[in-house]
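The exercises below ask you to read a protein model step by step. Keep the sequence and the structure in view while you work through each solution.

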Amino acid sequence: MIQITNLTKTFGQTKAVDDMTCTIPDGCIFGMVGANGAGKSTLLRLIAGVYMQDSGTITINGETIYDNPSAKENIVFSSDLMRTVSSGATLKRMADFYATVYKKFSYEKFEHLASVFGLKPKMRIRAMSKGMTKQSQTILALSCNAKMILFDETFDGLDPVARNVAKKLLYREVCDNGTTILVTSHSLRELEDTCDQLAMVYKGKIVLQSDVEGLKTKLFKVQLAFADERDRSAFDGFDVLSFNKAGKVINLILKGDRDESEARIKAMDPVLMEVLPLSLEEVFTYEMDTMGYRFEEIM
Amino acid sequence: MATTNNHAPLFSGKYYKELLKELKTIGIIFAAIQVFFGFLGAFGIGQGLALLVFGTTSGGSLSSNIYSIFFIVAAFNFYIGHIARNSWDFRLSLPIAKKTMIVSHMAAVLTYAALIFVANYVGVLIGELVRLIPGAGGGSVPVGFGEQAVSLIKALLEGVATYSGLIILACIIGRFMTLLIAAGSALVLPDLFSGFVAAVRERGLNTLSIILPVGIRGMKVLSWALLVFGAVALTVIAVVAYSKHRVETSGKPARAPWIHILIGLAFAAAAGLLAAIIGAAYYWTHYDAALDNKGVIIGPIIAVILVMIIAYFVYMWISMKSFKGAAKRLMFLPIAMLVILAAFPIAKGVDKKWEKLDFSASNIKYVRVTDAAFGNVSGIYTMIYDFGSVAKGDSGVYNIKLTDPAVIDIASKSAIEYKALGDGDNKSDFLSNMISGYLTASIDIAEITLNDGSKWALPMVSNEYTSGLRNAALNNSEFIERAMSIDRVKNGRVVDPDWLGRDFSKVLIGELEKLTPEERASVMYEFSEIDLHYDGSVIGGYTSVTPVDQDVYATVSLASWSYDHLIKVRLNDKLPESSKLYMQKSAERFHKANDFADMVDRLKSGKYDEVYGDLTFIGGGQTEWCNIASCKGEYSGAQEKMQQDAIKRLGEILENSRGSVGKEKNIVSFNLNVYSVDGAAGRRYSFNFGSGFFALNDKDFEELKSIMLNAFSNNSYDEIQENDV
């Protein structure tokens, strides 16, 4: 478990991470979404031990991370390979490097994953396309068999096929090994069907954190029509995030227990009632609104 | 909660192996270069190239300079892989402590340094083997293995210091360009550090020597100790700097307080020192008074401290970009002040010791002298150098202990004069001398041992005393016996020109052995009332000597920068064997030139546009020198015809001389240039034969002499000189 408490990191006059507190449980795919400059990458680097925080603590299973090899043994930061290796390095060479550094590195897994993505181990990193490099990063990170893997916008921009493959591999990693995976993205859609936990980062703070299913089931859209005229006051007993009326058709965004809310509305005898699912983006939009943020500004 | 990396190992074998792979290309390239330069070194080419490329040979040879460059490249490898922004995510997220990373990198660099060291010897070995092939420069072996090793070890230590220094700089500044400029400086001034160390070693009567009066040998040990200490200290600082370095603060030293304070203090101290130097005269005057009257000293001290405070504050303000932050940092200034104030009691102690120094002749036990005290004694030895044997000889020479009253008297006067520079009001002169001495490095030294056993390196700054001490030493039989010992070069071999070969050095050494040490000293030092016919303008060349009778020597000086041409010939009828041999080999070499026949043909056929050069007739107890001036276009038809006939005949005589090398007594030194233009092709041909020797029979010799004197005596370019022996 990663425990972040009052974490602050400042660059000059800019607070990249501002008094952040959160807990990332084991065995989940934890997504962090936010606009560019929100502080996602800084947070990942703090977790990976690349940066040292100005204040606050960050621990993995009780151990601090910065310059602490025993704690870092459990973390792999999937960094941009294009920036790190010499021009002649191949995927296999990088595998050898990681195998040297990470005790649990599995060549078997590496070869399997390479074949899944259709990459040749002898291929030079510099000769790879951007997408192939990201696939290589994923292969290497997963092959390390670490307890925690950090992906910094690794899946942004992958083609749909590769993204699906990557997602399946992440699921399997979590299911089979109980690995905790942190993924950042500036696009909510990239993470929507991948993560089971999501956090929205804004100006160095986590402004919203929840499990995805919970978010989706707590917020829902109901389309109604009554024989008689009803106004907003008819729904005072509900947690209404949005009320729209067009003629006799009412659109509601409600928060709360879905079954209970549905039963109560049915009891009001509507002539038409339809409960519609919300996209994650819509969920975030309404949640942000209730918190006083404008989603468009954050993203 | 486990929170630190204190238990992380300093060294990781696995990571070290990975770094070996990363450095493989660099290591192999440099090893290959070292094999090549080691090979060249076997032929004595390294030092000349080093001089050409780096403007110095202080590193010992090109090999050692290349060695230094390897460490600079290695530092950049570390910078790019571990410090540059692009490397952060990858490298710093690895489960390896930073101290482990840098120590492992250092180990990998040292591994390749060892490989490169060995590669150099492999190159030398290959060169030595090639030299065994006849005609492959077999006479020249300038590189002594021991000397080369010392040179490389010195380069290794300097390289480690440079490597660590650049890493420290990278950790502090973190900018590629800054690092590049620093590396460039290290490259351009490869002997900066060694120059400083040499200055420490060779300066006598300076502050350091007052604290540590260890004598010449002690200073030598000290210089090595300083080099080792410097390298180790910088290495340790580099490890700490990288371990403490926080990448995200690169370029913002305000976030690394410890190093910030250190730089700030160093900056302030430098500014304070500068202020002290600028106001030196005033300062020293008051300094003396201050020892008795504490009130007077306050002014200059406060002035210096104020300068330091301002310098420190300005530095902090600029680097932190915050006035408030800089003001906060001033809290460290009390420490700076303590450091400064601590210097004063030390200075007072030094001053007391200084005052007590008694260099009167009666207090001097003995004086040691070195070769260096008398300028370049090498002369002949540069011709038959074997670094290894000379190094042994050097240590012997250093041990020459002189108790001769004349030597002691001169040393005493010199030391007293020098010490006076540091006394009283002249302290500013002494200080400036000392500082300039540090900047300009070496000065010849003698070593004075006082009755209390303390040893003082005496800089021979005065020509008066230098020559006086030299003359006094040369009157000392012990010095002569040891300094002029032929054993020093007995196993030496010819450096240059390599075509002279081993047999030449044997002949030369044989001649030298027949001389007494005094005679050898006379030749080497020009120290005699005897007319030695020694040409003082000879630069590091060859002087062969042989006694003709009690008082007269025949001397042939064949020397120049390149050893390629004759500068001067003086001899009598008893030509030394070494000179004959030199001429014979030179002539053989000349005749073997591929275009010799072509040149003779052109001379005989008149197919040339211009001929010029000079001839020197050697023999018969006289030397005659003639210019052959350009012979086209500037003369009357009759003159031109006469000259063309003369040149035609000259060609015939040269042809006749072929094969008679060394067999005839009439020797001609010949330096000829023939130019011709191929009209059809418009190409210009040039034959420049430099110099060579020809042995002619009597008839040819006389005819040539006659031709030269007659054919060229009427034109304005003709000069004839006769030099008496």
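**Exercise 1.** How many residues does the largest nonpolar core have, and which residues have the most contacts inside it?

*Solution.* Bear in mind from the start that this is a predicted model. Begin with the general tendency that, in soluble globular proteins, nonpolar side chains tend to be buried together. In this model the largest nonpolar core has 137 residues, and those with the most contacts inside it are L150(A), A75(B) and I167(B). Next, look for the element that gives the largest share of this core, which is helix 7 (residues 145-172) of chain B with 13 residues. Then take A75(B) and leave aside its neighbours within four places in sequence: the residues in contact with A75(B) are then Y163(B), L166(B) and I167(B). Finally, note that there is a second, separate core of 26 residues, whose members include I400(B), I410(B), I448(B) and W456(B).

**Exercise 2.** What is the order of the four strands in the open sheet of chain A, and which helix packs on the sheet?

*Solution.* First, read the order of the strands, which is 12-13-11-14 with antiparallel pairing. The edge strands, each pairing on one side only, are strand 12 (239-246) and strand 14 (272-276) of chain A, and the twist from one strand to the next averages 15 degrees. Now examine one pair: strand 11 (residues 219-225) and strand 13 (residues 249-255) of chain A run antiparallel and are joined by seven bridges, and V249(A) in strand 13 is the bridge partner of A225(A). Last, helix 10 (residues 280-290) of chain A packs on the sheet and touches strand 11, strand 12 and strand 13 of chain A, while its direction makes about 110 degrees with that of strand 12 of chain A.

Definitions and conventions
Residues numbered from 1 in each chain as written. Chains lettered and ligands numbered in written order. Predicted model: local features only at pLDDT ≥ 70, side-chain atom pairs only at ≥ 80, totals over all residues. Core = buried A, V, L, I, M, F, W, Y, C linked by C-beta atoms within 7 Å. Buried ≥ 20, exposed ≤ 12 C-beta atoms within 10 Å, placed from the backbone. Helix = DSSP H or I, 4+ residues; strand = E, 2+ residues; numbered from the N terminus. Contact = placed C-beta atoms within 7 Å. Pairing = 2+ DSSP bridges. Axes fitted to C-alpha atoms, helices over the stretch in contact; angles between N-to-C directions.
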